[in-house]
Amino acid sequence: MQSRQPHLMGRSRSSIIGDRYCAPYPISLAIVKNSAADGIFSVKDVNGNTVFNLKRPLSLHSRRILCDNTGQPVLTLRKNLMTAHNRWQVFLGESAAAHDLIFTIKRKNIFHLNSRSPDVFLVEFETTTDCCFEVEALWSQRNFKVIAVQSHSHNVVAEMYSPDPVQSSASFGEDFWVKVETNVDYAFIVAVLIVILHESN
């Protein structure tokens, strides 16, 4: 099992899921709706090669498993149906054990039911009420930014946007492009953005 080494921005490499998901250059990915019965989304690179697949196993929870291109589970995404914040928990591999919990995603304010711009809390900073990342969602423009929150700065680490319709139809039918900045963990970014897309339905 891969080791977990989560930490915030400000270091040369922002590994949350694993170092192998941090590239020394910007990464462009496409999140594509999948028509397969056991799949929901596929994540592809600019050449159309599959990087991740999101699958939906039979479960009482709203549970999704993010697998790599070999079919190995990378993350388990589970929605807690008993909370008012629309809280999602993300675990390492196919686990749902507390010691494998990596981060949680929840809506900013329970009193704003239409709010779909959530905050992300890393488990290693669970003793603080301050979020580690936030998502700026502009639904009318189909544009979303993941922002690393630090004491004196807010840095955009990834952006998801809808491609040009003409360009999209001429490629492989992607629904969203994602640009991930240098040395940012793109498995983490994909998991956060997939939760955003689920909450939009």
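A polar contact is a pair of N or O atoms within 3.5 Å, where one atom must be able to donate a hydrogen and the other to accept it. In this predicted model, the side chain of aspartate 185 has a polar atom 3.2 Å from the backbone nitrogen of phenylalanine 188.

**Overall layout**

The chain contains two helices and 12 strands. Along the sequence, their order is β-β-β-β-β-β-β-β-β-β-β-α-β-α. Of its 201 residues, 49% count as buried. Among contacts between residues at least 6 apart in sequence, 37% join residues at least 24 apart.

**Aspartate 185 and the start of α2**

Aspartate 185 sits in the loop between β12 (176–180) and α2 (186–199). The residue caps the N-terminal end of α2, with a side-chain oxygen 3.1 Å from the backbone nitrogen of alanine 187. What is the nearest side chain of opposite charge to aspartate 185, and how far away is it? That side chain belongs to arginine 20, at 8.9 Å, and aspartate 185 is buried yet has no salt bridge. Leaving out residues up to four places away in sequence, aspartate 185 touches Ser14, Ser15, Ile16, Ile17, Gly18, Tyr21 and Cys22.

Asparagine 183 is found in the loop between β12 and α2. Its phi is near 65°, a positive value in a residue other than glycine. Asparagine 183 counts as buried because its relative accessibility is 18%, and the cut-off for buried is under 20%.

**Helix α2 and the nonpolar core**

Helix α2 has 14 residues. From its first C-alpha to its last, α2 reaches 20 Å, close to the 20 Å expected at 1.5 Å a residue. Why is α2 described as largely enclosed by the rest of the structure? The reason is that 13 of its 14 residues are buried.

The largest nonpolar core holds 51 residues, and the members touching the most other members are Ile17, Phe52, Phe103, Phe133, Phe188 and Ile189. Helix α2 gives the most to this core, with 12 residues. In soluble globular proteins, nonpolar side chains tend to be buried together.

Two of these core members also appear in the account of aspartate 185: Ile17 is among the residues that aspartate 185 touches, and Phe188 supplies the backbone nitrogen at 3.2 Å. Phenylalanine 103 touches both Ile17 and Phe188. Its other contacts, not counting residues up to four places away in sequence, are Trp88, Gln89, Val90, Val120, Phe121, Leu122, Val123, Ala191 and Val192.

**Two loop residues outside this region**

Glutamine 72 lies in the loop between β4 (62–68) and β5 (73–79). With a relative accessibility of 48%, glutamine 72 counts as partly exposed. Its contacts, leaving aside neighbours within four places in sequence, are Leu66 and Cys67. Tryptophan 139 is placed in the loop between β9 (133–138) and β10 (143–149). At 25% relative accessibility, tryptophan 139 counts as partly exposed.

For each of these loop residues, the table gives one pair, with the separation in sequence and the C-alpha to C-alpha distance.

| Loop residue | Partner | Apart in sequence | Apart in space, C-alpha to C-alpha |
|---|---|---|---|
| Glutamine 72 | Asparagine 53 | 19 residues | 9.7 Å |
| Tryptophan 139 | Serine 117 | 22 residues | 9.6 Å |

Note on methods: Residues numbered from 1 in each chain as written. Predicted model: local features only at pLDDT ≥ 70, side-chain atom pairs only at ≥ 80, totals over all residues. Heavy atoms only, no water. Helix = DSSP H or I, 4+ residues; strand = E, 2+ residues; numbered from the N terminus. Buried < 20%, exposed > 50% of the residue type's maximum accessible area, 1.4 Å probe, protein only. Lys, Arg positive; Asp, Glu negative; His and termini not counted. Salt bridge = Lys/Arg side-chain N within 4 Å of Asp/Glu carboxyl O. Contact = heavy atoms within 4.5 Å. Core = buried A, V, L, I, M, F, W, Y, C linked by side-chain atoms within 4.5 Å. Expected span 1.5 Å × (residues − 1).
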